[in-house]
Amino acid sequence: MKRVIFVLALIATTLLSASSFAQKGVDKDIEEIRKQYSEALESLQYRTDEEYPARNLVTVNSDEMWPGSGGHKTSTTIFFDVDLDEGAGIVRTPFFARVKYNIAARNYYYEVLFDRDGGKPLFYYTKIETYDKGPVECRYYYKNGKAIKTICPVQHEEIPSAQQAYQEGENLTKLLSLF
């Protein structure tokens, strides 16, 4: 019996240490993403300045009338790096995007931080004004296309899932490829 208890204790200790090691890896990834987010925001200060020579941004605005909800405005700004590829020509890699829009009287906002090497989403932040719960915020952190952490203090049906949020980031990359 003592042997069984010892084996179970050994297995439990091993599993706990493995889980702790995995959590430390996730924490390190999140710390790196937060650092890149901070650097991106610092870079945006220069890129939105009219005096900055190379702003490298695309802004798309739409102003529509939707049946049943009235005026609908969207503003999408994608900040990107530019490189020259011998075969492909000019390559634009997004590093940050901001999207603001409304549906009827409700306002929506989200940001996407992209990996500067491949243009894949690393972080997604959204803020939605809801009728029933007021402003609701949510954050997703990604590694290799998979959500590694979700921070959504209040759940709401209008908050996109981690997969939907990642896809919105991918769609912004496709939008940028049109330019």
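**Surface patches, strand pairing and salt bridges**

Glu32 is partly exposed, with a relative accessible area of 38%. In this structure, which is a predicted model, Glu32 is placed in helix 1, the element that covers residues 2-47. Together with Asp27, Glu31, Glu39 and Glu42, Glu32 forms a negative surface patch. Membership of such a patch requires a relative accessible area of over 30% and the absence of a salt bridge, and the 38% computed for Glu32 therefore meets the accessibility part of that requirement.

A second patch, nonpolar in character, is made by Val82, Leu84 and Ile90 and has an area of about 290 Å². Val82 is found in strand 2, which comprises residues 70-85, and with a relative accessible area of 41% this residue is partly exposed. Because the cut-off for patch residues is over 30%, the accessibility of Val82, at 41%, is sufficient for inclusion.

Strand 2 is also engaged in strand pairing, being joined by twelve bridges to strand 3 (residues 89-103), with the two strands running antiparallel. The connection between strand 2 and strand 3 is a hairpin of three residues, and within the pairing Asp81 stands opposite Thr93 of strand 3. Strand 3 is in turn joined to strand 4 (residues 106-114) by eight bridges, again in an antiparallel arrangement, and here Phe96 stands opposite Leu113 of strand 4. In the hairpin of strand 3 and strand 4, two residues lie between the strands, and Ala104 adopts a positive phi near 55°.

Side chains of opposite charge can pair when their charged atoms come close. A search of the whole structure identifies six salt bridges, among them a pair formed by Asp29 and Lys143, in which the closest N and O atoms are 3.2 Å apart. Asp29 belongs to helix 1 and Lys143 to strand 6 (residues 134-143), so this salt bridge ties together parts that are separated by 114 residues in sequence. Lys143 itself counts as partly exposed, at a relative accessibility of 40%.

Asp81, the residue that stands opposite Thr93, also takes part in a salt bridge, its partner being Arg116, with 2.8 Å between the closest N and O atoms. This pair links distant parts of the chain, since Asp81 lies in strand 2 whereas Arg116 lies in the loop between strand 4 and strand 5 (121-130), 35 residues apart. Both partners fall into the partly exposed class, which spans the range between 20% and 50%: Asp81 has a relative accessibility of 22%, and Arg116 has a relative accessible area of 35%.

A further salt bridge is formed by Lys120 and Glu170, for which the closest N and O atoms are 3.5 Å apart. Lys120 is located in the loop between strand 4 and strand 5 and Glu170 in helix 2 (residues 162-177), and the pair accordingly links distant parts of the chain, 50 residues apart. The two partners are assigned to separate accessibility classes: Lys120, at 41% relative accessibility, counts as partly exposed, whereas Glu170, with a relative accessible area of 17%, is buried, because the limit for a buried residue is under 20%.

Technical notes. Residues numbered from 1 in each chain as written. Predicted model: local features only at pLDDT ≥ 70, side-chain atom pairs only at ≥ 80, totals over all residues. Heavy atoms only, no water. Patch = residues over 30% accessible without salt bridge, like charges linked within 9 Å, V, L, I, M, F, W, Y side chains within 5 Å. Areas by Shrake-Rupley, 256 points an atom, 1.4 Å probe, with all protein chains shown as cover. Salt bridge = Lys/Arg side-chain N within 4 Å of Asp/Glu carboxyl O. Lys, Arg positive; Asp, Glu negative; His and termini not counted. Charge placed at Lys NZ, Arg CZ, Asp CG, Glu CD. Helix = DSSP H or I, 4+ residues; strand = E, 2+ residues; numbered from the N terminus. Buried < 20%, exposed > 50% of the residue type's maximum accessible area, 1.4 Å probe, protein only. Pairing = 2+ DSSP bridges.
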